[in-house]
Amino acid sequence: MQNPELNRHVVASAHANIALVKYWGKRDKKLNLPCAGSLSLTLSPLTTRTELAFRAVGLDDLVEIDGTEADARARQRVLALVERVAPAPRPPVHIRSVNDFPTAAGLASSASAFAALSVGCDRLFELNSDVAHLSVLARLGSGSAARSLFGGFAEMKPGSASDGSDAHAVALFPKDHWPLSVVIAVVDAGPKPVGSTDGMEHTRLTSPYFAAWVDTVAADLEAAKSALRDRDFKALGQVAERSCLQMHASAMAADPGVLYFRGVTLDLIAQVRRWRAAGWPVFFTVDAGPNVKVFCPAESTATVETALQALPGVQRTIRCVPGSGAVAQWAEGSLPGNNPTFV
Ligand code: 2P0
């Protein structure tokens, strides 16, 4: 095989997303097909930036995450996606990914990572796939990543085809549809004890509430879409809190129960409800971790953020706004270590 072009690389980026109607459970583990749909808002600035380049033939693939070589599991997940799209035989690749927010802390780093990787691989191998196909590809890496392909509000379609080709996200409303803010109250930025993939599979297999949880999703998707269409903050908050608590209830009822909440998580939820009772436009959601995300209209952001920062147990806050979809482009120059003549 000829030596691949080494003097340019791809720069891809994608944002995390926060689900308003949650995804929790797979109907097919191998193809990563969800049991039900979900709906999310893509969040700026939470970003994964991924650089991709070819390496000189004869070198091994190199996968780096946040400045260090990826462990075997992460490397395998990344390279599995590369293998899916790359023509065979392919040159070795260098993939270098950096998150600007805590990895594995319930802040959906796998969503932005696999969305960025999907658009990045598509550009590296010059495939020009359509966005639905890229969303399928991202889904194979991580279910929530299918939604981060899109800016603004996106809906994941569970699909019905056995090969998963119709299980991808679609754009619902662009990022400027509704100027909402999401303030993340970080109470613990460390890795979660049970990852989402394992937590949702354990819930599916052992929770007597799992089927009941899945049954809630279709109506909640309709309610959320209607609230978004009408920019009805109260209605959106009602469905988002309901979907969050029903998802966690199904997980808690697994055997043994999967519990992502801490004491401080519940304290923050109670506080958000008190603020709302006092007339503040706020609602909460919580993913597979202890951190609490608070939605509010853009004009209330400073008030909500200052109030959250004053609460015991809140280590820091991250202020987010609706973000754009995943992008990738070529850049000049090589990535270090890819050409043996220069190392
Ligand atoms: C969501 N979460 O809808 C839900 C809410 C966490 C709680 O999607 O196994 O990391 O890689 O498909 O995408 C997290 O699940 O799981 C998730 P995999 P993923 O955002």
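Select K26 and the ligand: in this predicted model, an oxygen atom of the ligand is 2.4 Å from an N or O atom in the K26 side chain. Next add Y23, where a side-chain N or O atom is 2.7 Å from an oxygen atom of the ligand. T197 offers another such pair, with 2.6 Å between an N or O atom of its side chain and a ligand oxygen.

Now show the surroundings of the ligand. Which residues come nearest to it? Among the 18 residues around the ligand, the nearest are K26, S142, G143, S144 and T197.

Move to the helices. Select α1, residues 72-85, together with α2, residues 109-124. Their axes come within 10 Å and cross at roughly 30°. Because angles under 35 degrees count as roughly parallel, α1 is roughly parallel to α2. The crossing of α1 past α2 is right-handed.

Display side chains at this contact. On the α1 side, pick R77, V78, L81, V82 and V85; on the α2 side, pick F114, L117, S118 and C121. By class, the contact of α1 with α2 holds seven nonpolar residues, one polar and one charged.

Keep α1 on screen and add α3, residues 131-141. At what angle do α1 and α3 pack? The angle is about 150°, and the axes are 9 Å apart. The crossing of α1 and α3 is right-handed. To see the contact, select R77, L81, R84 and V85 in α1, which meet L137, L140 and G141 in α3. The contact of α1 with α3 divides into four nonpolar residues, one polar and two charged. R77, L81 and V85 of α1 appear in the contact with α2 and also in the contact with α3.

Turn to the loop between α2 and α3, where E126 is found. E126 is not a glycine, yet its phi is positive, about 55°. Most residues other than glycine have a negative phi, and most peptide bonds are trans.

The last stops are two peptide bonds. Select A88 and P89, which are joined by a cis peptide bond with omega about -5°. P89 is in the loop between α1 and β7 (93-99). Then go to D255 and P256: the peptide bond from D255 to P256 is cis, with omega near -5°. Where is P256 placed? P256 is in the loop between α7 (233-252) and α8 (263-277).

How values were computed: Residues are numbered from 1 along each chain as its sequence is written. This is a predicted model: local features need pLDDT of at least 70, side-chain atom pairs count only at pLDDT 80 or more; totals for chains, interfaces and linings use all residues. Side-chain values use heavy atoms; hydrogens and water are left out. Axes are lines fitted to C-alpha atoms, for helices over the stretch in contact, and angles run from 0 to 180 degrees between N-to-C directions. Helices (H or I, at least four residues) and strands (E, at least two) are DSSP runs, numbered from the N terminus. Angles under 35 degrees count as roughly parallel, over 145 as roughly antiparallel, 65 to 115 as roughly perpendicular and the rest as oblique. A crossing is left-handed if the near helix is turned anticlockwise from the far one by less than a right angle, and right-handed if clockwise. Contact means heavy atoms within 4.5 Å. Ala, Val, Leu, Ile, Met, Phe, Trp, Tyr, Cys and Pro count as nonpolar, Asp, Glu, Lys and Arg as charged, and the others, Gly among them, as polar. A residue is near a molecule or strand if one of its heavy atoms lies within 4 Å of it. A polar contact is a pair of N or O atoms within 3.5 Å; within protein, one must be able to donate a hydrogen and the other to accept it, and residues adjacent in sequence count only if both atoms are side-chain atoms.
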